[in-house]
Amino acid sequence: MKTAAFLSPGTDVGAGIELARRADALGYDSVWVTHGLGRDSFLVLAAYGAVTTRTRLGVGVLPIYPRHPVATAQAALTLSEQTGGRYVLGLGVSHKASMEQQLGLRLDDPLGVMREYVAVLRGAFGDGARVDGKHYRVHWSMAVPGRLPAPPIYLAGLSAKMLELAGEI
């Protein structure tokens with residue numbers, strides 16, 4: 001059996017870091033954070049990764065609309081390298097109300113956007129992203145020698161269509 005914990009640092013990042021250290025010592029398989037209304041998940045997980053040695057570190061779920069896939073790829077690859085390949089990238093479309101009302105973003109064609117977003121990530125995690133799609137036109141590669149360890153991508157879905165997409169990509 002695998003054990004996991006959701007570790008929100010709340011008002012005290014140091015307390016979250018200590019919980020991550022404790023989860024690692026207790027043999028937890030993974031610790032997770034959310035991205036939504038709190039701190040930047042990549043930075044929190046970098047802090048957790050600095051005090052853990054074996055526990056996998058995941059974000060569940062990073063909303064795709066506010067962050068360009070190249071920026072996500074850079075952060076995910078850096079965090080995966082920093083943690084020795086223990087990082088897990090969880091992606092989701094998010095909720096229409098929070099994206100449109102709180103951030104002023106339009107959620108048009110969420111399945112199409114997610115499909116292209118993952119295509120950019122997969123390319124960026126490999127030899128380079130070359131996507132000429134409806135939503136993203138990206139020709140980019142990581143300018144570092146060698147290839148960094150690519151994190152697994154988990155997709156979250158609020159509909160059956162997203163589950164179908166997850167099986168497709």
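This passage goes through the sheet of the predicted model and then the helices packed around α5.

Start with the sheet. Five strands make up an open sheet, lined up as β1-β2-β3-β4-β7, and the pairing is parallel. The edge positions go to β1 (residues 4-6) and β7 (residues 153-155); each has a single partner strand, so one side of each is left without a neighbour in the sheet. Going from one strand to the next, the twist averages 25°.

Inside this sheet, β2 (residues 30-33) and β3 (residues 56-63) run parallel and are joined by four bridges. Trp32 has its bridge partner in β3, namely Gly58.

On to the helices, with α5 (residues 110-125) as the common thread. This helix lies across two strands of the sheet, β4 (residues 87-92) and β7, and its direction is at about 160° to β4. So what does α5 pack against besides strands? Two helix pairs are worth a look here, α3 with α5 and α5 with α6. Two packed helices are described by the angle between their axes and the distance between the axes.

Take α3 (residues 69-82) to begin with: its axis and that of α5 come within 9 Å and cross at roughly 45°. That angle makes α3 oblique to α5, and the crossing is right-handed. On the α3 side, the contact is built from Pro69, Val70, Thr72, Ala73, Ala76 and Leu77. The α5 side brings in Tyr117, Val120, Leu121, Ala124 and Phe125. Sorted by class, that comes to ten nonpolar residues and one polar residue, with no charged ones.

Then there is α6 (residues 160-168), which packs with α5 at an angle of about 25°, the axes being 11 Å apart. Angles under 35 degrees count as roughly parallel, and that makes α5 roughly parallel to α6. Here too the crossing is right-handed. From α5, the residues involved are Leu111, Met114 and Arg115, and they meet Lys161, Met162, Leu165 and Glu168 of α6. By class, this contact has four nonpolar and three charged residues, with no polar ones.

Put side by side, the two contacts of α5 read like this: the one with α3 has ten nonpolar, one polar and no charged residues, whereas the one with α6 has four nonpolar, no polar and three charged residues.

Terms used: Residues numbered from 1 in each chain as written. Predicted model: local features only at pLDDT ≥ 70, side-chain atom pairs only at ≥ 80, totals over all residues. Heavy atoms only, no water. Axes fitted to C-alpha atoms, helices over the stretch in contact; angles between N-to-C directions. Parallel < 35°, antiparallel > 145°, perpendicular 65-115°, else oblique. Left-handed = near helix turned anticlockwise from the far one by under 90°. Contact = heavy atoms within 4.5 Å. Nonpolar A, V, L, I, M, F, W, Y, C, P; charged D, E, K, R; others polar. Pairing = 2+ DSSP bridges.
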